[in-house]
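Reader: I would like to learn how to read aromatic pairs, backbone angles and burial from a model. Could we go through them step by step?

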Amino acid sequence: MREFLNVSVLAVLQGVAEFLPISSSGHLVIGQHFLGVAESGMRLDVFLHMGTLLAVFAYYWRRCLSLATDWRYAGKILLSALPAIAVYFTFKRRIDPLFENAKMVGALLMFTGAVLVGTRYLPRGSRDVSWLRALWMGVLQAVALLPGVSRSGMTLAAARSGRVSPEAAAEFSFLMSAPLILGGVLLEVKDVLAGDEAAVADGLGWGMLAWGTVLSAAVGYFSLVLLVRALKGKWFWCFGPYCILAGLLTLCFT
């Protein structure tokens, strides 16, 4: 029962925090810390991210189908993934230990909060995502490999700085995460099948992983709806004070 509750709590955290700009990786680290599963490995995290990716496909299914023929848009998505791929494989050994450092997460959450508050003062625009803006969003997505730095927060802030329309920014921000999440899942599955001890360190069976994936997908879908409304309603920046407060509390109590 404890295992079921732990997975459920982490799945809800992932579903809420993946789309709202409050850092899903950071909240998972904090959640694992307080649930006493901080040494659980990365396999569950990847499958929870897979669940929120399913939410993206469900919300943007028409756009996903159009990618088969819209090669320019698909190319921009692939371009945006390159910075994160380069950073991950170059600095993987330095990044991974940070997922066990709750105080580092707290500090980076405060950084995320400061960036979000700053978006309040950026002018709104109606531009589309160009190749250069896609690359800029990709650069900030690479920064979000650090736990506590919100991927959606960084990429949407990049879009706002380029005066991209709220609808286009949200759509591209979440679709650009697809190659990275799929790549992460494939790497984890490869390691599990190969019997890598680090990959199976959480000791969870496929049933628990499937439950976490489904729950994070369901919660993530409704979080995505909320974020799109926040972007259109001009209160996206309001998530900033929450991140600053959450980061400060994490620094004080971990």
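Reader: Is Y73 buried or exposed?

Author: In this predicted model, Y73 has a relative accessibility of 7%, and it counts as buried because that value lies under 20%. F172, at 0% relative accessibility, counts as buried as well.

Reader: How is a pair of aromatic rings described?

Author: One gives the distance of the centres and the angle of the planes. A search of the whole structure finds nine aromatic pairs. In one of them, the ring centres of Y73 and F172 are 5.6 Å apart and the planes stand at 85°, so this pair is edge-to-face. The pair links distant parts of the chain, since Y73 belongs to helix α5 (residues 71-95) and F172 to helix α9, 99 residues apart.

Reader: What sits over the ring of Y73?

Author: The charged end of R63 sits there, 3.8 Å from the centre of the ring. In another case, the charged end of R120 sits over the ring of W237, at 4.3 Å from its centre.

Reader: Which sign does phi have in most residues other than glycine?

Author: Most of them have a negative phi. Here, however, R163 has a positive phi near 60°, and R163 lies in the loop between α8 (151-161) and α9 (166-175). K234, which is not a glycine either, has a positive phi of about 70°, and K234 is found in the loop between α11 (206-232) and α12 (239-253).

Reader: Why does K234 count as exposed?

Author: K234 counts as exposed because its relative accessibility is 57%, which is over 50%, whereas R163, at 40%, is partly exposed.

Methods: Residues numbered from 1 in each chain as written. Predicted model: local features only at pLDDT ≥ 70, side-chain atom pairs only at ≥ 80, totals over all residues. Heavy atoms only, no water. Helix = DSSP H or I, 4+ residues; strand = E, 2+ residues; numbered from the N terminus. Buried < 20%, exposed > 50% of the residue type's maximum accessible area, 1.4 Å probe, protein only. Phe/Tyr/Trp six-rings, centres within 6.5 Å; stacked < 30°, edge-to-face > 60°. Lys NZ or Arg CZ within 6 Å of the ring centre and 35° of its normal.
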